[in-house]
Every structure is written in C-alpha cells, then in structure tokens.
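Welcome! Take a moment to look over the sequence and the model below, and then we will walk through some of its features together.

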Amino acid sequence: MSAEPNWPDGARGALSLSFDNLGEAAEIELGAIDADTELDPHPTVTEALPALLGALEAAGLKATFFVEGLNTERYPEALTGIAAAGHEVAYHAWRHEQWGDLSAEEQAHNLKRGLIGFRALGIEPTGLRPPGGLLGPGGLDVLREAGLRYCSPAGEGAGEDGGIALLPFQWRHLDASCVLPPLGTVREQIAGSAEPLDPGAFLAHLESEVERLARDGGYATFVLHPFMLAWFGEDRLAELLDLVIAASAGGDLWVAPCAAAAEYVLANPERFRGQTALDSTSWASRGG
C-alpha cells in the first residue's frame, strides 16, 4: 500500500545523495599516514571529486558532501569548488574521529574548530554526519549549542528533536558496507550472504531502494565515498543518477540535499513524529 504524501510537491518519499570523506584525513586518524608527512594531493581530490562533480552536473542533481575539517587547511579550493557548484558542504569531524568515542567536551571543541575553518572559506555548515554513526555522550546538545540544524547518524526515519532535524543513514545504503568485514550482517540484509558484494549488486540494491521510496514513502540518504568511486565505477554512478532523475520526474520522489530536507522536516515536525529510530551500535560493532 502506498504511503500518503509527506514531502514537497506531493512526493511520497525523499532521497538525499551524499558523499563522505575527502583527502587523507581518515587515513591520518587511523595512523596509516603521519600527519606531518608532506604528500602529493590526494586522488580523492584530484581524480574522484572532479568526476563526481561532473556526473552530478550532467544529471542536474545537487548533493551533500560530508567532509572533514582538516580539508579546510589541506584542500580549501576543493571545498569552495564544491560549494560554488551548488552542493552542500557539511561536517564529518575534524579528521574523521569516531564521534561516539569523544566526550561531550571533545565533540564541542572538534565542532568549533571545524566551523571556524569552514567559515574562513565562506562556507557555513548546518549539519553533521558523525563518523562511526553514533552521536555519543554529547548527544544533540553539542549540535544545538553550536547552532547546527541537523544531524545524520546511523538509523532510519526522518524526524525532529528539540529543533534539530534527524536525517539518519542506513548501513545498507552505504557503499563501504559491501566490503568492510565488520558489516557482514548488513550484506546479509542486502543479498542474503555475508560475502562481499560486487558493485553491480550494490547498484541493483540502490535501484530497488529508489523504487521502494517512490512507492512506499519514507526518507533515505545514499552514502557514497570518493575513495570508492573506482570500485563503483563512473558508468554505474551515471546509471544510478539517471534512475534518481526518472523517479523524481514521476513526482513520487523528492530529491534534495540534506540541508533542504532538514529545513522541510523542521518546518513540518508533525508529519514526521515517531518515525525515527537511531542505531545504538557503530559500524565496528555490528558483527559479520
């Protein structure tokens, strides 16, 4: 049975396209690269990002890029280029710290440092996606105090909590779930097996999710990573974007960056009451 329209222009479902991580921030946080090492520009910046921006421009779609604050120092022109192309730039911790492992004080300091860096570039992030998927001990209070408008932790169902919009992502909508060993249970949800998924199977899954959203309603944000573009393939990305365009043209799916979805939720909280359920475990503790 189809859901009642819940989104702008009578759409049943809503979808945000998002891209997480940029540069070597996460590699530094994991200890794979020394922070003081002089490096050539990262391929996610020199190769993957231009390809992604080109594909989005060709499709006429706008997306949200959740990037680490360290990039304000290492790749400021890349960030201003994303914003100049009309996409949203949002926060993904300073250098991809596991957000749920930080104390409330550490979260506040991390967020303040990042916002200062982005604002120096003329970019005003309004949302956070916590690396690892968990909000941690600071909860939403840290975000409220910093003046953010939304958060995208792991979970499902758009909603609102004390003036903060909740736009959860589901692990089954994340490309890295296809290969990360701890996410075998997610692959079982997608394909019935914990074995790694090939990019074609993931594309088929996302296509079915687009159709489900248009038919049954709800909210989803697809999470793709620039460093996985070579795995997914530019042709598959173009195919996915074409399907999103077609579903949107049909009127049953509203496609918008996270910030726009957040503002709609905050303006219409009664439509989304009781729909949100957040995950209580991070990606590293889901088994598989």
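Here is a short tour of one helix, some salt bridges, and the spaces inside the fold. Please keep in mind that this is a predicted model. Helix H2 makes a good starting point, with 17 residues running from 43 to 59.

**Helix H2**

- Its length can be checked with a little arithmetic: at 1.5 Å a residue, H2 should span 24 Å, and its end C-alpha atoms are 23 Å apart, which agrees.
- H2 has a kink of about 35° at Leu49. The proline Pro50 comes shortly after this kink.
- Several H2 residues are buried, among them Thr44, Val45, Ala48, Leu49 and Leu52. Ala51, Leu53, Leu56 and Ala59 are buried too.
- A helix rule is handy when you look at such a list: an α-helix has 3.6 residues a turn, so residues three or four places apart point the same way.
- What do the buried residues of H2 pack against? Their partners are strands E1 (13-20) and E2 (64-67), together with helices H4 (76-84), H9 (229-232) and H10 (234-249).
- After H2 comes Gly60, which has a positive phi, near 70°.

**Salt bridges**

- The model has 11 salt bridges.
- One of them joins the side chains of Glu24 and Arg74, with N and O 3.3 Å apart. Glu24 sits in the loop between E1 and helix H1 (25-30), while Arg74 belongs to helix H3 (residues 71-74), so this pair ties together parts that are 50 residues apart in sequence.
- Are the two partners buried or exposed? Glu24 has a relative accessible area of 1% and is buried, whereas Arg74 is partly exposed at 28%.
- Arg119 and Glu124 form another salt bridge, and their closest N and O atoms are 2.9 Å apart. Arg119 is partly exposed, with a relative accessible area of 41%, and Glu124 is also partly exposed, at 47%.
- In the salt bridge between Asp161 and Arg144, the closest N and O atoms are 3.0 Å apart. This pair links distant parts of the chain, 17 residues apart: Asp161 is in strand E7 (residues 159-161) and Arg144 is in helix H6 (residues 141-146).
- Asp161 counts as partly exposed at 35% relative accessibility, and Arg144 does as well at 30%.
- Which residues make up the network that includes this pair? Asp141, Arg144 and Asp161 are joined into one network by salt bridges that share partners.

**Spaces in the fold**

- The model has 1 cavity of 30 Å³ or more. The largest cavity holds about 50 Å³ of space.
- Residues lining the largest cavity include Phe19, Asp175, Leu224, His225 and Met228. Leu52 is also one of the lining residues, and Leu52 is among the buried residues of H2.
- The largest pocket has a volume of about 650 Å³. It is lined by 33 residues, and those closest to its centre are Asn21, Ala26, His96, His225 and Phe227.
- His225 therefore appears in two places to look at: the lining of the largest cavity and the list of residues closest to the centre of the largest pocket.
- Which element gives the largest share of the lining of the largest pocket? That is H1, with 4 residues.

Notes:
Residues are numbered from 1 along each chain as its sequence is written. This is a predicted model: local features need pLDDT of at least 70, side-chain atom pairs count only at pLDDT 80 or more; totals for chains, interfaces and linings use all residues. Side-chain values use heavy atoms; hydrogens and water are left out. Helices (H or I, at least four residues) and strands (E, at least two) are DSSP runs, numbered from the N terminus. The expected span of a helix is 1.5 Å times one less than its number of residues. The bend at a residue is the angle between axes fitted to the seven residues ending there and the seven starting there. Buried means under 20% relative accessible area, exposed over 50%, partly exposed in between (1.4 Å probe, protein chains only). Contact means heavy atoms within 4.5 Å. A salt bridge is a side-chain nitrogen of Lys or Arg within 4 Å of a carboxyl oxygen of Asp or Glu. On a 1 Å grid over the protein atoms alone, a cavity is a set of points where a 1.4 Å probe fits but cannot get out, and a pocket is an open set with protein on both sides within 12 Å along at least five of seven lines; lining residues have an atom within 4 Å of a point. Grid points are joined across faces, edges and corners, and a volume is the space filled by probe spheres set on the points.
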